[in-house]
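Visitor: I would like to go through this model with you, beginning with the ligand site. Could you bring it up?

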Amino acid sequence: AKVADKNCFRFYSRAMDQAVERRMHLEQELRGAWDRGELSLVYQPFYRLSDGALVGAETLLRWQHPEHGMIAPSVFIDVAEQSGLIETLGPQVLRAACHDAVRWRQVREGAEPLFVSVNVSARQLRNGDLPQVVADCLRDSGLAARQLHIELTETAVIGDEAHASRLLNQLRSSGVKVWLDDFGTGFSGLSHLRRVPVDGVKIDRSFVADILRDPDDLALTTAIIAMAHSLGITVVAEGVEKEGQHDILRDRGCDLAQGYWLGHPLPVEGFMDLLRPEPMP
Ligand code: C2E
Ligand code: CA
Ligand code: CA
Ligand code: CA
């Protein structure tokens, strides 16, 4: 048994070495990927459930690797966070998204201006210069503060809540809206809303996924909507993949929705095609 254990250990340790190596390799390549033009942004639309209007879009990062093809953010965002690369990458994303969102006005003259939301990681928040970075991006792009939303995960605000609250209030007083992402997955989601000032919550897609067949998920979602509304907070549902999910969320009073059934993430040109009035038949 001892021998077997030893071999077992060796096997795992080799697998671990490989994982560490892959990570370091990825990190090296991610450094400079932006400058090489391998990173790009896609935009996934948000729709208002009361009238079906397209009201904004979320910015999502994509990495087109020259050899490995498309790498999912679930792989490289983690690397960027661990290595600290996110502290340069994050502001680059924010800046590019603001510049893109200004262009949306041009194809939508007279219409209600769209907002753009940008994901911000825990490390960017902890770093402390987020309000300054945001102010610079808004000034340089000419985007109005109320057209920018920041998405933060619950885990990003856990820990130093006083620090997070201070930064978030600074952002919010400038007019930028703050949303809590993946809401409901953390352990203390509800109690957070008392201490951390936010304008909206995004109900995690794991709730939305089961909303049609799991009465508990429907009950929780309905409770989140009621509670958020009683606090004056906007409710957004993500991961809407079916018409039935869309309909039930609308009927329960959810404000905004996003998901593959409504629209996939698109490069900026494709997203802007959605905004153009339908051509005459
Ligand atoms: P997230 O912020 O929760 O983003 C939603 C993810 O769900 C996106 O995956 C989106 O493409 C996907 N999605 C949208 N609709 C549906 C649907 O109907 N069904 C399913 N199954 N999935 C759907 P993506 O683009 O792979 O991003 C994964 C995560 O990576 C994001 O989760 C976010 O946490 C992170 N991320 C992406 N871009 C950035 C960024 O610029 N900065 C930071 N800090 N994180 C980012
Ligand atoms: Ca998000
Ligand atoms: Ca999410
Ligand atoms: Ca469930």
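Guide: In this predicted model, strand 2 contributes the most to the shell around ligand 1, giving 4 residues.

Visitor: Which elements give two or more residues to that shell, and what sort of site does ligand 1 sit in?

Guide: Ligand 1 occupies the largest pocket. The elements that supply two or more residues to its shell are strand 2 (54–65), helix 2 (73–83) and strand 6 (177–183).

Visitor: How many residues surround ligand 1, and which are the closest?

Guide: Ligand 1 is surrounded by 20 residues, and the closest are Gln44, Arg62, Arg205, Glu241 and Tyr260.

Visitor: How do the shell residues divide by character?

Guide: The shell around ligand 1 comprises 8 nonpolar, 5 polar and 7 charged residues.

Visitor: What lies 3.0 Å from a nitrogen atom of ligand 1?

Guide: That is a polar side-chain atom of glutamine 44. On the oxygen side, a side-chain N or O atom of glutamate 58 is 3.2 Å from an oxygen atom of ligand 1. Aspartate 182 also has a polar side-chain atom 3.4 Å from an oxygen atom of the ligand.

Visitor: And how much of ligand 1 does the protein cover?

Guide: On its own, ligand 1 has 800 Å² of accessible area, of which the protein covers 83%.

Visitor: Changing topic, what confidence values does the predictor give?

Guide: The protein has a mean pLDDT of 90, with 93% of its residues at 70 or more. For the complex, the ipTM is 0.97 and the pTM is 0.92.

Visitor: What should one bear in mind where pLDDT is low?

Guide: Predicted coordinates should not be read in detail where pLDDT is low.

Conventions: Residues numbered from 1 in each chain as written. Chains lettered and ligands numbered in written order. Predicted model: local features only at pLDDT ≥ 70, side-chain atom pairs only at ≥ 80, totals over all residues. Heavy atoms only, no water. Near = heavy atom within 4 Å. Polar contact = N/O pair within 3.5 Å; in protein donor to acceptor, adjacent residues only side chain to side chain. Areas by Shrake-Rupley, 256 points an atom, 1.4 Å probe, with all protein chains shown as cover. 1 Å grid on protein atoms, 1.4 Å probe; cavity = no way out; pocket = protein on both sides within 12 Å on 5 of 7 lines; lining within 4 Å. Sits in = over half its atoms within 2 Å of the grid points. Nonpolar A, V, L, I, M, F, W, Y, C, P; charged D, E, K, R; others polar. pLDDT = per-residue confidence, 0-100.
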